[in-house]
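Thanks for coming, everyone. I have one model to walk through today. Please take a look at it before I start.

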Amino acid sequence: MGTWDSGPFDNDTAADWCGELDDASPDDRPTLIRVTLTRAADEDDYLDSSDACEAIAAAAIVAAQLPGGQPITSTYAPDFLLDGGSLHLPEDLAALAVDAIDRIMAGDSEWLDLWQDAAGTHADAAFDNIRSIRAVLAQPRNGGQITDTPPPLF
């Protein structure tokens with residue numbers, strides 16, 4: 001995995017996935033996000049880092065579309081978002097993104113293992129980024145809670 005920083009788009013896999021999302025038709029983008037999040041959330045075996053990196057990018061995009069979400073500014077994010085575009089996403093994608101993040105951080109995850117092995121400032125920043133994305137995704141909406149208290153990261 002070519003990783004140059006700790007953000008959700010700061011690796012080759014996420015940047016390539018963002019290119020695919022950018023190239024997809026606007027009507028197909030929500031489906032691509034759903035498939036990506038589902039692949040990570042539903043993995044019962046060891047979660048491959050590539051699937052995790054794509055799911056983290058997808059979760060960051062979903063979070064950015066919600067109130068309180070961080071605007072996407074990474075040059076590796078999809079161009080249509082950097083150009084001021086947006087997505088009309090089904091509300092249930094926030095909960096699915098939480099499930100994907102929880103799966104990535106639950107152990108038996110190559111992404112988690114790699115960042116734990118890296119340790120130090122960049123690893124702390126990667127974990128902080130995940131916590132921040134998850135916090136936005138898990139905020140109560142429409143009077144209901146999407147998810148409960150986050151589990152420990154490890």
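**Inside the model: core, helix α5 and voids**

Let me begin with Thr36, which lies in helix α2. A word of caution first: this is a predicted model. Is Thr36 buried or exposed? It is buried, because its relative accessible area is 1%, and the cut-off for buried is under 20%. What does Thr36 touch, leaving out residues up to four places away in sequence? Four residues: Trp17, Glu54, Ala55 and Ala58.

Now one place along, to Leu37. Again leaving out residues up to four places away in sequence, Leu37 touches Ala55, Ala58, Ala59 and Val62. On top of those, Leu37 touches Leu93, Leu96, Ala97 and Ala100.

That brings me to the core. The largest nonpolar core holds 48 residues. Which of them touch the most other members? Leu37 is in that group, together with Ile33, Ile61, Trp111 and Leu137. Which helices feed this core with at least two residues each? The answer is α1, residues 12-23, α2, residues 29-41, α3, α4, residues 79-82, α5, residues 92-105, α6 and α7. The top contributor is α3, with twelve residues. As background, nonpolar side chains in soluble globular proteins tend to be buried together.

Next, helix α5. Start with its length. At 1.5 Å a residue, its 14 residues should span 20 Å. The C-alpha atoms at its ends are 20 Å apart, so the two values agree.

How much of α5 is buried? Eleven of the 14 residues are, so the helix is mostly covered. The nonpolar names on the buried list are Leu93, Ala94, Leu96, Ala97, Val98, Ala100, Ile101, Ile104 and Met105. Asp102 and Arg103 are on that list too. What does the covering? The cover includes α2, α3, α6 and α7.

Look at what comes after α5. Gly107 follows the helix, and its phi is positive, near 100 degrees. Then there is Asp108, in the loop between α5 and α6. Its phi is near 55 degrees, a positive value in a residue other than glycine. For context, most residues other than glycine have a negative phi. Asp108 is partly exposed, because its relative accessible area is 42%.

Two quick stops elsewhere. Leu82 sits in helix α4. Its relative accessible area is 32%, so Leu82 counts as partly exposed. Leaving out residues up to four places away in sequence, Leu82 touches Ile72, Thr73, Ser74, Thr75 and Ala77. Pro71 is eleven residues from Leu82 in sequence, and their C-alpha atoms are 9.0 Å apart.

The second stop is Phe127, in helix α7. Phe127 is buried, because its relative accessible area is 4%. From Phe127 to Leu93 the C-alpha separation is 21 Å, with their positions 34 residues apart along the chain.

Now the voids. How many cavities of 30 Å³ or more turn up in a search of the whole structure? One. The space in the largest cavity is about 100 Å³. It has 15 lining residues, and those closest to its centre are Ser6, Gly7, Asn11, Trp111 and Trp115. Trp111 should sound familiar from the core. Three helices each supply at least two lining residues: α3, residues 49-64, α6, residues 110-118, and α7, residues 121-137. The most comes from α7, with three residues. By class, this lining has eight nonpolar, five polar and two charged residues.

Last, the largest pocket. Its volume is about 260 Å³. The pocket lining has 16 residues. Which lie nearest the centre? Pro8, Phe9, Ala60, Gln70 and Pro71 do. Pro71 is the residue I paired with Leu82 a moment ago. At least two lining residues come from each of α3 and α7. The largest share is from α7, with four residues. The class split is nine nonpolar, six polar and one charged.

To recap on α7: this helix gives the most to the lining of the largest cavity, and it also gives the largest share to the lining of the largest pocket. For the largest nonpolar core, the top contributor is α3. I'm happy to rotate the view if anyone wants another look.

Note on methods:
Residues are numbered from 1 along each chain as its sequence is written. This is a predicted model: local features need pLDDT of at least 70, side-chain atom pairs count only at pLDDT 80 or more; totals for chains, interfaces and linings use all residues. Side-chain values use heavy atoms; hydrogens and water are left out. On a 1 Å grid over the protein atoms alone, a cavity is a set of points where a 1.4 Å probe fits but cannot get out, and a pocket is an open set with protein on both sides within 12 Å along at least five of seven lines; lining residues have an atom within 4 Å of a point. Grid points are joined across faces, edges and corners, and a volume is the space filled by probe spheres set on the points. A nonpolar core is a set of buried Ala, Val, Leu, Ile, Met, Phe, Trp, Tyr and Cys residues joined through side-chain atoms within 4.5 Å. Buried means under 20% relative accessible area, exposed over 50%, partly exposed in between (1.4 Å probe, protein chains only). Contact means heavy atoms within 4.5 Å. The expected span of a helix is 1.5 Å times one less than its number of residues.
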